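Okay, thanks for making time, everyone. Let me put the model up on the screen and then we can walk through it together.

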2 protein chains.
Amino acid sequence: MKNYSRQREAIMNVLHSTDMHPTASQVYKRVRQIIPNISLGTVYRNLSALSEAGEILTISVGEGCDHFDGNAKPHLHLHCRNCGNIADVEFDFKSVENKIADLSFAPETSVLVIHGVCKNCNK
Amino acid sequence: MKNYSRQREAIMNVLHSTDMHPTASQVYKRVRQIIPNISLGTVYRNLSALSEAGEILTISVGEGCDHFDGNAKPHLHLHCRNCGNIADVEFDFKSVENKIADLSFAPETSVLVIHGVCKNCNK
DNA sequence: CTCAAAATCAGTAATGATTACTGTTTTTAT
DNA sequence: ATAAAAACAGTAATCATTACTGATTTTGAG
């Protein structure tokens with residue numbers, strides 16, 4: 001994927017500069033501080049292209065809209081059903097890959113979301 | 001969760017009688033064959049309640065709308081980015097649970113989607 | 001470098017999934 | 001038996017996302 005456009009680069013920078021998992025409109029707000037007249041459609045189009053190219057992850061938590069993660073390496077996402085926060089945890093997907101190795105399914109990326117209640121909300 | 005309503009029971013039956021992963025409107029179409037005047041809003045409300053109660057799974061594949069799975073036991077979902085099909089594979093989440101055991105996060109259910117290209121589309 | 005084709009953009013309109021609302025029916029529990 | 005609570009059908013409203021337009025930028029061959 002060619003990363004030549006100023007807009008696409010700014011979007012990548014926003015995603016790389018946070019460990020939150022912003023939604024498209026949150027990315028839009030942040031990118032507007034750099035490129036004030038960027039269009040929301042441009043943000044969606046680029047997030048979609050970047051996700052398809054495997055450079056970012058699209059995290060759907062089953063409620064509300066999609067979230068995006070600048071870290072494309074598969075890992076765990078702990079989603080709190082109370083506050084909605086998404087936390088990252090490293091995880092080796094070897095056991096998962098082994099499980100499907102003989103199914104003639106060509107895996108490209110994985111998204112694992114664990115729903116529950118986070119530390120803060122559990123007090 | 002009390003399963004007393006005719007509508008909710010019919011929705012559960014639809015989900016239990018298929019290994020596809022129907023969307024809300026697909027569930028709606030099937031349930032209408034049993035209860036012709038059921039409302040789409042009722043389908044959404046019940047799917048949402050059942051999912052929250054942990055009796056079904058909501059599968060978001062990051063494109064299009066949500067899919068629902070009558071099998072609430074966590075397992076792998078192989079999502080083909082070409083044909084959109086979702087296939088189930090059993091998987092033991094023990095290694096995942098161990099990984100987060102000391103994080104004070106109270107897990108309730110997990111959704112693992114592996115994106116790639118399925119057998120049929122890979123020819 | 002020059003310039004035409006291709007890609008991307010900003011802005012806006014349209015789509016479509018999901019949710020919210022209203023008045024009615026069903027269920028529950030006293 | 002009946003009043004309160006829950007769920008319903010039908011419909012309107014919301015809002016995330018996509019599609020479309022004409023303008024701008026990038027690319028690549030000559």
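So, into which domains is chain A divided? Chain A has domain 1, residues 6-69, and domain 2, residues 76-122, with the bounds coming from an automatic or database domain assignment. Before I go on, some housekeeping: this is a predicted model, where local features need pLDDT of at least 70 and side-chain atom pairs count only at pLDDT 80 or more, while totals for chains, interfaces and linings use all residues. Residues are numbered from 1 along each chain as its sequence is written, chains are lettered from A and ligands numbered from 1 in the order in which they are written, and side-chain values use heavy atoms, with hydrogens and water left out.

Okay, the domain pair in chain A. Taken over C-alpha atoms, the centres of domain 1 and domain 2 are 20 Å apart. In terms of contact, meaning heavy atoms within 4.5 Å, 11 residues of domain 1 meet nine residues of domain 2. The two domains bury about 810 Å² between them, and 63% of that is on carbon and sulfur atoms. Buried area here is the accessible area, with a 1.4 Å probe, that two parts lose on being put together, summed over both.

What about salt bridges, a Lys or Arg side-chain nitrogen within 4 Å of an Asp or Glu carboxyl oxygen? The count between domain 1 and domain 2 of chain A is zero. Polar contacts are pairs of N or O atoms within 3.5 Å; within protein, one must be able to donate a hydrogen and the other to accept it, and residues adjacent in sequence count only if both atoms are side-chain atoms. Two residue pairs across these domains are in polar contact, both at pLDDT 80 or more.

On to the DNA. Which residues are closest to strand C? Y4(A), S5(A), T42(A), R45(A) and Y44(B), out of 14 that surround DNA strand C, where near means a heavy atom within 4 Å. Of the strand C atoms within 4 Å of the protein, 84% belong to sugar or phosphate and the rest to bases.

Now some atom pairs. The side chain of T42(A) puts an N or O atom 2.2 Å from a phosphate oxygen of strand C, and for N46(A) that distance is 3.3 Å. On the base side, a polar side-chain atom of S39(A) sits 2.9 Å from a base nitrogen of strand C.
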